[in-house]
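Subject: Structure handover

Hello,

Here is the structure I promised to pass on. Please open it beside this message and follow along.

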Amino acid sequence: YNLPKCKNVTSRVLMLLGQLERMNGEAMVRDVEMARQVTAKILHLIQTQEKSGKEVMSKGSSGMEVILASLEVRFMQLYWLFFVLGRGRRVGVFVSKGGTGILFQILITASKELPPSEELMLQLHSLLAKVGPKDRKFGVKARLSGALNVTVNLMKQNIQNIKLLLPCLQVLRVYSTNSVNAISLGKNGVVELMFKIVAPYSKKNTSLLKVALDALGALLKSKTNARRAVDGGHVPILLAVYLDWHRNDTRHRHMLIRKGLLVCLRNITNIKLGRKAFVEADGMRVLYNSSTECLPVRTLDPLINTSSLIMRKCFPKNRLPLPTIKSAFHYQLPHVPAVGPVAQLYSQPPGVDDVVDESDDNEETDADTENDTENEEDEKDQRSNDDIETDLNKLHPKKNPGRPFEELRVYERFFLELSEDFQVSILSSSQSTRPIIVPTAQALSPKHVSVPSSQEDCNPTKGKHTLPHIQSPLLLGGIATRRVGGGGSNWGSDCGSEGTEDEGGEGAVLEVPDTALLLPMHDPDLYVEMVKGTNSVPQYAEVAYPDYFGHVAPTFREPLVERVYGVQRSKIFQDIERLIHPNDILDKVVYDLDIPSCPVIEDSGESLKFNSQFESGNLRKAVQVRKYEYDLVLNSDINSNHYHQWFYFEVSGMRVGSTYRFNIINCEKSNSQFNYGMQVLMYSVQEAISGRPRWVRTGTDICYYKNHFARSSIAAGGQKGKSYYTMTFSTNFSHKDDVCYFAYHYPYTYSTLKMHLSKLEALRTPQIYLRQDVLCETLGGNGCPLLTITAMPESNSNDHICQFRNRPLIFLSARVHPGETNASWVMKGTLEFLMGTSPLAASLREAYIFKIVPMLNPDGVINGNHRCSLSGEDLNRQWQNPNPELHPTIYHTKSLLQYLAHIQRAPLVFCDYHGHSRKKNVFMYGCSVKETVWQSNISATSSDLQEDLGYRALPKILSQIAPAFSMASCSFVVERSKESTARVVVWREIGVQRSYTMESTLCGCDQGKYKGLQIGTRELEEMGAQFCVALLRLKRLTGLRNHQHLLDLESDIIGTQSKVVSSSPTTYVMEEDEPSFLEAIDYSAESNDEDAEPENEHARAANSRHRRSLT
Ligand SMILES: [Zn+2]
């Protein structure tokens, strides 16, 4: 076309349209034939002159309106509309100009003719089928106009008339996507009608069947309709039809029909009756077998995924193999809090089964309600939005005087450096202070293990001594003090299975490396000494080898593992096989803390041996499921019935060359970094005694998914029908006669801390001021160490002592959450840097006084808890009102800070080290009024927003110097749910502007120098050291007389950050440690649903969706 011609045509069409418009407008049209001719001319031109047609029918032009008006007054033949609408591109304009409503009007009018014209009905439904998918209100318009019944009646009368039925079904498919329509159509017998169309394999009418199944699938989303299908006996029929198509559609040409059948089953099994009918119809076996046959054909993945989803839903819920979900160990509290989870636990009547709910029969009414899973993610977002603190009064830090100064005065003894005059002896400063005794806590501390003082008999020795054989367990004093009967103390001594006698047997002599060379800050003998003074609730008398030998970070890289395609599916299929082939399942208990003779002694060599009765261990039960597969159950935190995440246990008796699968079956989080590249940690004693004492990342086929073990409402915070999650991994063992350990993250016990503190003492030089006090005793009778590190005054001259006393304070703490062992490794890095000889370290000591509580929750760490202290509470939610008896470490740490506030010496920086299980990198949470206001919609006056930006300086510096640190992951929003955390309370009540939580990933990094690698202890310790370096830079910034430089830096920070903040409502997070998951790919049961894309695609889509919201 050339332009002039096109212009001519366009103007001609416009002229004709004008003519038509005038005719439409006239009430009585004299010449209908004339109007029709004009319309015909227009349509012809539009059809033949594509470009002009496009122009006059565009949204901005009135052409479509004229056509619609003409349609309304019936000048236009209906079938012409097909040409107007073309191949769909003008449908949108048609819809936006109200075309749908006109079509429905014509349909209603036409339906009143008796009998209605079949030709007209055919045309109308074909047009509606074209328009429907483009009109979001289609369903509502259809219902309100009365069109639903017209279509339904037409279908009922023409069930054999394929030509008419097809467009009707296409329209019905759109009607049914509206949930109100679905219910109404169901009442009208449409479900039954659809089942009349569903048929076994045939090459005829496949498109009709496909559309009918789509419509049926949509109808069955309504629970009432699903129930109708069950009551009508259609579940076995659907299964039989599915199987028929599965067998006959050998060339996979009718995937969509097969998928449609599965979608119907999937929706029916959303109701309990549906699941029952499915199981009774042997659905598990039918879908399991058919899926297994589909496995080799990749294009059939959508069928396998949907089948797998249905099977998982219908899989009978199992009971966890436990007598109770309460911790296997009991610790009597001095008093029980009046409210909260612990109070609930204590008020639970005896005899109540807390493992599974008695019955959830009445739970599901099978009535139509909002469906429960689909919007979970939105709700989560909504909740975290709701969580932002919007009370401006709470956002303005108000120093809280706390306790009266007379009471706080006792804490003076922990701040000798503030009054010390160094006149007597400069070295006397190192004497330690006795702990503050909280009488109740002390009186109730458990009895010490009576540990024989002599250990010459058994303890493996280092250096040139030899270890005749790996003993498991390694015992304090060589006697298993708490074990009675059964296997005796050296049950592990013949841990090798068949054929290992020659190499690992009695005569073998194994060199134990001198760990002092590899690990200058570790001493096995000292470690054992420390263990003797550690009080555990189970009164452990064993020492785990990794803690004894220590850990040297490997020199090789440990990349995040790529997720293997189909891992979750194959694991789930193996789980389903338990039901399909029950005779293959051994179900043999090999370890059980709930029975007195634990561990279960069995020497046939057919099973692995488990143990975790040592500090920080927490395996409760191990069940051998198949020859090389074990289900593992973790113990709950003491005085709690949940928090299963951390694990640490020992395995022996393995065969070399076999792949073992381990399943931790009572995990609770809905997702895990184990789905995103994280591996478990393994420690081999054989490797250790060969000179490689180290934890290494290990495990293949790692996957985390919702399983078939029911979670009681007691365990799920009142929610019924919840399940646990499985964390599964497979591994091989490379040594015979080995004793191996598995852990969630690099263990770091309380005894390790004590040993480390003792080794730090040895690093003291005359220039270093180091004082180690015991702040208080824990409930469990363990001391809570408090360190003071600074530089000695240059001399005892007045000036120097004045400088010494007036150094700003830095207050650090860690490990309030026992499962976050990475926090201890970061703290180790900080402590060693501070005690180091580098000029930086010396300047740092001269610049500040460091007050450090390296382990806020010793009892939790010792007893293998994940989250809580012995009181069964999260100590990082007790800062607002800590109880001196139940939360002594928090109570006294807060008191130290209150004391400092009273004497006008509040710290410059407060930082509590944590670990993060769901995010990558290292990052900080801080507190900012301004950023909180930005994130919420509260209106604030500009005076409310006056805020010094100093809180951003430290994380900004860290992002420049610490490779693992990511500024983009930081957040400075104050959340309501965090109001009793250390960070918020120290900010609000003590008035520390730079009050932080520093979170270190348990997984790895996705930016910086360590991008793509899992995090190791070297990187964590480096982070701790870099934190110190950053403090030195902060000192330079804050010390500048002219603050211009600082302001520059900070305006630079704001410049780059404000963009992020304004467009990213999700940078702030929900819980201190577990904010909403950034890589929100749901690998749980609801996930591998619906869509044909393989798992990776899902992941990518979800990732990109999130990235969009984050950047
Ligand atoms: Zn934490």
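Below is what was found in it, from the whole chain down to single pairs of residues.

Please note that this is a predicted model.

The whole chain

The protein chain has 43 helices and 22 strands. It runs to 1111 residues, and 59% of them count as buried. Take the contacts between residues at least 6 apart in sequence: 79% of these join residues at least 24 apart.

The sheet

One open sheet is built from 6 strands. Their order is β5-β7-β8-β10-β14-β13, and the pairing is mixed. β5 and β13 (700–711) stand at the edges. Each has a single partner strand, so one side of each is left without a neighbour in the sheet. On average, neighbouring strands are turned by 25° against each other, direction ignored.

Helix α30 (residues 567–580) packs on this sheet. The helix touches β7, β8, β10 (659–667), β13 and β14. Its direction makes about 45° with that of β13.

Strand by strand

Start with β5 (residues 588–592). It pairs with β7 in the antiparallel sense, over 4 bridges. In this pair, K588 stands opposite Q624 of β7.

β7 also pairs with β8 (residues 629–634), again antiparallel, over 6 bridges. Here L619 stands opposite L634 in β8. A hairpin of 2 residues joins β7 to β8.

Is β7 enclosed or open to the outside? It covers residues 619–626, and 8 of its 8 residues are buried, so the strand is largely enclosed by the rest of the structure.

Now go to the β13 edge. β13 and β14 (residues 722–732) pair in the antiparallel sense over 7 bridges. K706 stands opposite Y725 in β14.

A helix pair

Elsewhere in the sequence, look at α19 (residues 283–294) and α20 (residues 301–314). Their axes are 10 Å apart, and the helices pack at an angle of about 150°. An angle over 145 degrees counts as roughly antiparallel. α19 and α20 are therefore roughly antiparallel to each other. Their crossing is left-handed.

Which residues make the contact? From α19 come M284, L287, Y288, S291 and C294. From α20 come I304, S307, I310, M311 and C314. They divide into 8 nonpolar, 2 polar and no charged.

Best wishes

Definitions and conventions: Residues are numbered from 1 along each chain as its sequence is written. This is a predicted model: local features need pLDDT of at least 70, side-chain atom pairs count only at pLDDT 80 or more; totals for chains, interfaces and linings use all residues. Side-chain values use heavy atoms; hydrogens and water are left out. Buried means under 20% relative accessible area, exposed over 50%, partly exposed in between (1.4 Å probe, protein chains only). Two strands pair if DSSP finds at least two bridges between them. Axes are lines fitted to C-alpha atoms, for helices over the stretch in contact, and angles run from 0 to 180 degrees between N-to-C directions. Angles under 35 degrees count as roughly parallel, over 145 as roughly antiparallel, 65 to 115 as roughly perpendicular and the rest as oblique. A crossing is left-handed if the near helix is turned anticlockwise from the far one by less than a right angle, and right-handed if clockwise. Contact means heavy atoms within 4.5 Å. Ala, Val, Leu, Ile, Met, Phe, Trp, Tyr, Cys and Pro count as nonpolar, Asp, Glu, Lys and Arg as charged, and the others, Gly among them, as polar.
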